[in-house]
Number of protein chains: 2
Amino acid sequence: MPSGLDIFAGNLHRSGMSEEERLDLLTLQLMPGIGPVRLTLLLERFGSPSAILRAASSTLGSVEGIGPRLVQVLRDPSYREVARREYQRASDLGVRVVARGEAGYPPLLADIPDAPALLFVRGDWLPKDAQAVALVGTRHPNAYGRRIASLLASELARRGYVVVSGMARGIDGIAHTAALEAGGRTLAVLAGGFDHLYPPEHRPLAQRIVDQGALLTESVPSQQPLKGLFPARNRIISGLARAVVIVQAAEGSGALITAMHAAEQGRPVLAVPGPLDDEQHSGCHRLVREGATLCRGVDDILEEIGGLFPREPTGLSGQPLPTPQPSLATGLSGQSTSQPTPQPPTPQAALSSPATALPTPVTRPMPKLSNEEQRIEQALHSAVLSMDELVRATGLAVPRLATLLMGLQMRRLVRQLPGNRYEWSG
Amino acid sequence: MPSGLDIFAGNLHRSGMSEEERLDLLTLQLMPGIGPVRLTLLLERFGSPSAILRAASSTLGSVEGIGPRLVQVLRDPSYREVARREYQRASDLGVRVVARGEAGYPPLLADIPDAPALLFVRGDWLPKDAQAVALVGTRHPNAYGRRIASLLASELARRGYVVVSGMARGIDGIAHTAALEAGGRTLAVLAGGFDHLYPPEHRPLAQRIVDQGALLTESVPSQQPLKGLFPARNRIISGLARAVVIVQAAEGSGALITAMHAAEQGRPVLAVPGPLDDEQHSGCHRLVREGATLCRGVDDILEEIGGLFPREPTGLSGQPLPTPQPSLATGLSGQSTSQPTPQPPTPQAALSSPATALPTPVTRPMPKLSNEEQRIEQALHSAVLSMDELVRATGLAVPRLATLLMGLQMRRLVRQLPGNRYEWSG
């Protein structure tokens with residue numbers, strides 16, 4: 001069922017939006033206690049921002065979740081004045097105000113349940129910016145974190161992907177900078193308003209981002225970048241991206257909030273590993289244990305978003321087709337990165353590969369498949385199956401199936417495809 | 001259905017084994033082409049080693065998988081002479097010959113399908129050595145790999161666990177040494193025989209292992225440590241252990257063979273992460289992506305084998321009950337390791353923890369559970385459920401369920417227990 005905001009946005013799309021309507025929406029967005037969720041409820045009830053602002057107190061008070069305090073706020077005319085002033089300030093700064101559903105409002109972001117009704121934007125969001133990956137992490141990275149943030153961002157940029165981050169000190173700033181220097185585009189989501197670019201030393205970076213991407217925020221221009229705004233800002237970072245990569249994060253890092261939002265939004269979460277005796281990686285390692293994908297390089301990111309083996313042979317949005325690349329580690333060890341990925345070896349080759357220089361031990365016959373493994377082989381013989389299809393086809397319980405599939409993958413008999421599907425490759 | 005070897009082993013257990021019977025078994029184990037799998041087939045058919053050796057060629061040839069060449073081998077009396085010589089040599093070296101099913105043959109190892117029929121043992125395998133963890137890895141570790149091998153082994157030893165490894169250069173040797181220096185016991189599985197301890201520089205280590213554990217091999221004393229024996233040896237390392245930890249391994253490392261065996265044997269596989277731009281970790285990282293558990297420290301290992309939150313309050317085999325410990329990283333950062341692990345925070349605390357110093361943003365109401373999440377909450381409300389029970393209870397497909405569970409775990413609303421079971425902790 002489409003929400004009130006969807007219906008309203010749908011109308012927008014057909015008719016465009018007047019400045020007055022945008023002001024009405026901004027008035028509502030300014031009101032404390034009226035977040036995206038309550039605004040959706042109100043739009044469902046009243047149909048448009050102006051109708052909400054014109055509604056009688058008694059009618060407003062009958063909406064679920066709208067108590068007497070919020071009624072008072074909704075009836076307070078001073079917010080309209082603030083909205084007008086902020087709107088003018090945005091205009092003076094060259095900042096566009098874009099409503100959800102209008103052209104220039106990122107559709108991926110519009111998909112999240114608590115998408116901002118309005119965004120303030122400097123620079124341009126282009127349709128090709130939908131091919132976006134968020135890179136986030138600690139404000140205090142070590143040399144390894146800095147190096148990896150830079151490598152991932154520049155490689156993503158070179159392969160035509162947009163890098164999204166939060167323009168914070170540390171990993172965020174490094175990711176934006178590396179994407180720009182590789183000639184790519186980048187999107188930065190601010191917590192505060194355009195009058196208070198934060199941190200101040202990133203002002204030159206902000207200007208470069210405006211030229212090769214966009215700065216975006218849901219805050220009005222005069223909003224100070226209060227710390228409390230950052231966790232909510234993070235939902236916009238993940239909302240703009242097809243996948244979120246946590247580059248380096250200790251427990252408690254704000255980047256983990258971004259990971260949480262991404263998981264809520266159904267976006268893939270990847271985390272970069274590091275030495276386990278360095279607290280800087282504890283957040284990333286916990287994420288991997290809780291189901292995030294371990295990220296070894298850009299290929300692993302693109303595999304999650306279907307960019308490595310795209311199903312449509314023409315590529316997405318006119319992007320150049322990314323070709324499979326060796327992992328970051330391989331790329332760094334001096335091999336050419338333009339070689340095709342080697343084909344997975346046959347089971348025999350995989351079993352004997354560490355022993356290519358060694359005689360096969362006569363006392364160890366080729367291990368046969370167990371009865372349960374044979375059931376998996378039969379199920380996968382003519383079709384690629386998802387985990388739950390495998391459950392039905394084999395009658396095996398999920399934990400047992402997971403163990404068996406892991407063993408078969410290690411023996412290169414089964415290959416996992418994007419989307420948790422499995423194919424027999426023996 | 002019990003195999004021939006099981007029935008034979010069962011008889012052993014009741015009656016003990018004569019030296020002649022052990023010699024018959026050794027004769028068979030020496031024959032090229034007669035591995036544990038074919039030996040089992042033959043024992044199923046003939047009932048005892050001596051009956052196999054006395055069988056007529058025509059009878060032997062009628063057994064599945066026994067062709068004319070193997071019949072010739074089985075009828076060749078010279079193997080019996082070799083067996084007698086090797087048996088005497090073992091006796092001279094103080095090496096015991098232990099048959100599967102006899103006391104002193106590790107029951108965990110007896111459980112694997114291709115368990116050796118006979119083991120050569122110096123030192124003692126004690127019943128408490130069933131609480132064993134294998135630590136394996138590259139022969140050429142870097143400083144990080146050396147440090148982690150040492151930390152994990154000494155911590156396991158201090159907590160009463162036996163460290164199993166392969167006495168190779170690098171990670172293996174470091175793991176044995178650290179376990180011994182922490183006052184623990186350790187088991188080393190050799191590829192060759194006791195006349196050829198390999199590598200030679202580990203002879204002093206081997207002597208210490210005999211005093212505080214055991215050296216084990218399926219090879220006769222005169223067997224050279226041929227490279228081809230190492231992959232098969234690795235199945236014994238994993239077969240002796242409740243869990244296998246790959247400490248550091250590039251692609252192609254023999255340690256990955258041990259991981260493969262462990263997966264086949266249904267033993268948990270853990271892998272230690274490291275910097276992704278160092279090839280030394282590529283094997284471990286691939287394992288994690290294929291389903292191995294990321295290992296942050298000893299707690300993560302014990303969680304896999306039920307040693308961290310044991311179900312039996314008296315502990316296993318009279319072990320002192322391991323108490324929950326902070327992760328290795330925490331332990332290394334100077335905190336006392338005797339503190340109890342902090343309780344998981346409430347969902348509210350988890351959501352607000354990075355913002356404890358920050359005001360909660362008024363515009364972000366506490367996110368509600370989605371309809372699907374509510375189905376999970378209901379299912380877990382009165383019971384701890386496995387993944388497949390959750391599939392049945394919620395009607396959700398596995399990939400969707402996995403995504404939702406990950407989001408709920410990140411929000412600390414769901415906790416994953418050992419054995420892939422989930423509990424609601426909201």
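I call a crossing left-handed if the near helix is turned anticlockwise from the far one by less than a right angle, and right-handed if clockwise.

**Entry: the model.** I am reading a predicted model, in which local features need pLDDT of at least 70 and side-chain atom pairs count only at pLDDT 80 or more, while totals for chains, interfaces and linings use all residues. Residues are numbered from 1 along each chain as its sequence is written, and side-chain values use heavy atoms, with hydrogens and water left out. I noted ipTM 0.70 and pTM 0.73 for the model. For chain A the mean pLDDT (the predictor's confidence in each residue, from 0 to 100) is 82, and 80% of the residues reach 70 or more. Over residues 310-367 of chain A, however, pLDDT stays under 50. Where pLDDT is low, the predicted coordinates should not be read in detail.

**Entry: two helices.** I looked up H10 (residues 171-181) and H11 (residues 203-211) of chain A, helices being DSSP runs of H or I of at least four residues, numbered from the N terminus; their axes come within 11 Å and cross at roughly 45°. Axes here are lines fitted to C-alpha atoms over the stretch in contact, with angles from 0 to 180 degrees between N-to-C directions. H10(A) passes H11(A) in a left-handed crossing. At the contact (heavy atoms within 4.5 Å), I find Gly173(A), His176(A), Thr177(A), Leu180(A) and Glu181(A) of H10(A) meeting Leu205(A), Arg208(A) and Ile209(A) of H11(A).

Conventions
Chains lettered and ligands numbered in written order.
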